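Ever wondered how labels like "buried" or "salt bridge" get pinned on a residue? Let's take a few of them apart, one at a time.

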Amino acid sequence: MKNKKETTKVKKIIIKGFFAFVGIGLIIGLFVLIINIYIVKSVSEKIRTVEELKDYNADCVIVLGAGVRPDGYPTWMLEDRILVGEQVYNNHGAKKILMSGDHGQVNYDEVNTMKSYSIANGIPSEDIFMDHAGFETYDTMYRAKEVFGAKKVVIVTQKYHLYRALYIANKLGLEAYGVSADLRAYGSMQPYREVREWLARIKTFGKCIQKPKPKYLGDPIDIQASGDVTNDK
């Protein structure tokens with residue numbers, strides 16, 4: 001009889017624990033959903049086409065890094081971002097191009113890859129700046145304002161990422177519009193990127209409240225001058 005009561009008690013504890021676990025999961029899921037909807041809705045009006053930003057004359061178009069292949073060539077996502085950034089520049093949407101990406105290791109260099117690609121496409125070297133410490137989107141936007149002195153920018157990345165980039169820019173005090181760089185499909189990993197982006201927006205929401213400084217800042221660089229001051233080769 002005693003064993004039966006103890007078994008029943010254990011079952012009740014397990015059931016209560018299960019429902020508590022489900023309840024906590026639902027609360028977390030609802031929180032993630034609300035924050036994502038808020039971020040997306042708050043910046044949706046800031047997304048434009050290259051044509052709509054013709055003669056916008058921003059301080060710079062910010063092209064966000066997206067990986068370099070082992071052969072040293074940009075990934076498809078990065079290539080499309082570079083191409084759309086060039087379109088914005090050539091349409092006088094921005095006076096300069098700011099290539100921002102990961103150059104934290106000698107043997108991995110997104111920004112020189114990006115700049116070399118655009119120079120090969122006829123963009124003057126002096127109009128292309130490199131942000132060698134654009135390790136994450138928050139750092140890029142913070143440095144664009146505080147290091148490069150940009151105030152009015154156009155951001156280029158794929159649309160799923162563009163909402164977060166615009167949200168950060170606005171929260172840091174940049175006047176920003178965004179242009180989607182979705183020129184093709186990006187393979188079977190895209191659903192994973194979408195899910196990861198949902199979680200990244202939660203981190204962004206908190207970070208934009210605290211507004212911490214990036215790990216690397218450095219001396220001011222005038223975005224109106226020559227981009228060659230950022231050359232390291």
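Q: Where is Arg81 found in this predicted model?
A: Arg81 sits in helix α2, which covers residues 76-90. Keep in mind that the model is predicted.

Q: Why is Arg81 said to have no salt bridge?
A: A salt bridge needs a side-chain nitrogen of Lys or Arg within 4 Å of a carboxyl oxygen of Asp or Glu. For Arg81, the nearest side chain of opposite charge is Glu110, and that one is 7.4 Å away. So Arg81 is buried yet goes without a salt bridge, given the 4 Å cut-off.

Q: What makes the pairing of Arg81 and Gln158 a polar contact?
A: Their side chains come to 2.6 Å, and the limit for a pair of N or O atoms is 3.5 Å. That fits, so it counts as a polar contact.

Q: How do you know that Asp80 and Arg184 form a salt bridge?
A: Their closest N and O atoms are 2.7 Å apart, and the cut-off is 4 Å, so the pair qualifies. Asp80 lies in helix α2, while Arg184 is in the loop between β6 and α6, so the bridge ties together parts that are 104 residues apart in sequence.

Q: Why is Asp80 called buried, and what is the label for Arg184?
A: Buried means under 20% relative accessible area. Asp80 comes in at 2%, so buried it is. Arg184 has 31%, which falls between 20% and 50%, so it is partly exposed.

Q: Which residues are joined with Asp80 into one network?
A: Glu79 and Arg184 join Asp80 there, through salt bridges that share partners. In total, the structure holds eight salt bridges.

Q: What makes Lys96 and Asp127 a salt bridge?
A: The N to O distance between their side chains is 2.8 Å, so it passes the 4 Å test. Lys96 is in the loop between α2 and β3, and Asp127 is in the loop between α3 and β4, 31 residues apart. Both ends count as buried, because Lys96 has 10% relative accessibility and Asp127 has 14%, with 20% as the cut-off.

Q: How do you know that Arg164 and Glu197 meet in a salt bridge?
A: Check the N to O distance: 2.7 Å, so it is within 4 Å. Arg164 belongs to helix α5 and Glu197 to helix α6, so the pair ties together parts that are 33 residues apart in sequence. Arg164, at 13%, counts as buried, and so does Glu197, at 4%.

Q: Why is α5 described as largely enclosed by the rest of the structure?
A: Ten of its 13 residues are buried, so the description follows. Among them are Tyr160, His161, Leu162 and Tyr163.

Q: What makes the span of α5 close to the expected one?
A: Helix α5 (residues 159-171) reaches 19 Å from its first C-alpha to its last, and 18 Å is expected at 1.5 Å a residue. After α5 comes Gly173, with a positive phi near 95°.

Q: Why is Ile15 called partly exposed?
A: Its relative accessibility is 46%, which lies between 20% and 50%, so "partly exposed" is the right label. Ile15 lies in helix α1 (residues 2-43).

Q: What makes Ile15 eligible for a surface patch?
A: Patch members need over 30% relative accessible area, and Ile15 has 46%, so it clears that bar. Together with Phe18, Phe19, Phe21, Val22 and Leu26, Ile15 forms a nonpolar patch with about 670 Å² of accessible area.

Notes:
Residues numbered from 1 in each chain as written. Predicted model: local features only at pLDDT ≥ 70, side-chain atom pairs only at ≥ 80, totals over all residues. Heavy atoms only, no water. Patch = residues over 30% accessible without salt bridge, like charges linked within 9 Å, V, L, I, M, F, W, Y side chains within 5 Å. Areas by Shrake-Rupley, 256 points an atom, 1.4 Å probe, with all protein chains shown as cover. Helix = DSSP H or I, 4+ residues; strand = E, 2+ residues; numbered from the N terminus. Buried < 20%, exposed > 50% of the residue type's maximum accessible area, 1.4 Å probe, protein only. Expected span 1.5 Å × (residues − 1). Lys, Arg positive; Asp, Glu negative; His and termini not counted. Polar contact = N/O pair within 3.5 Å; in protein donor to acceptor, adjacent residues only side chain to side chain.
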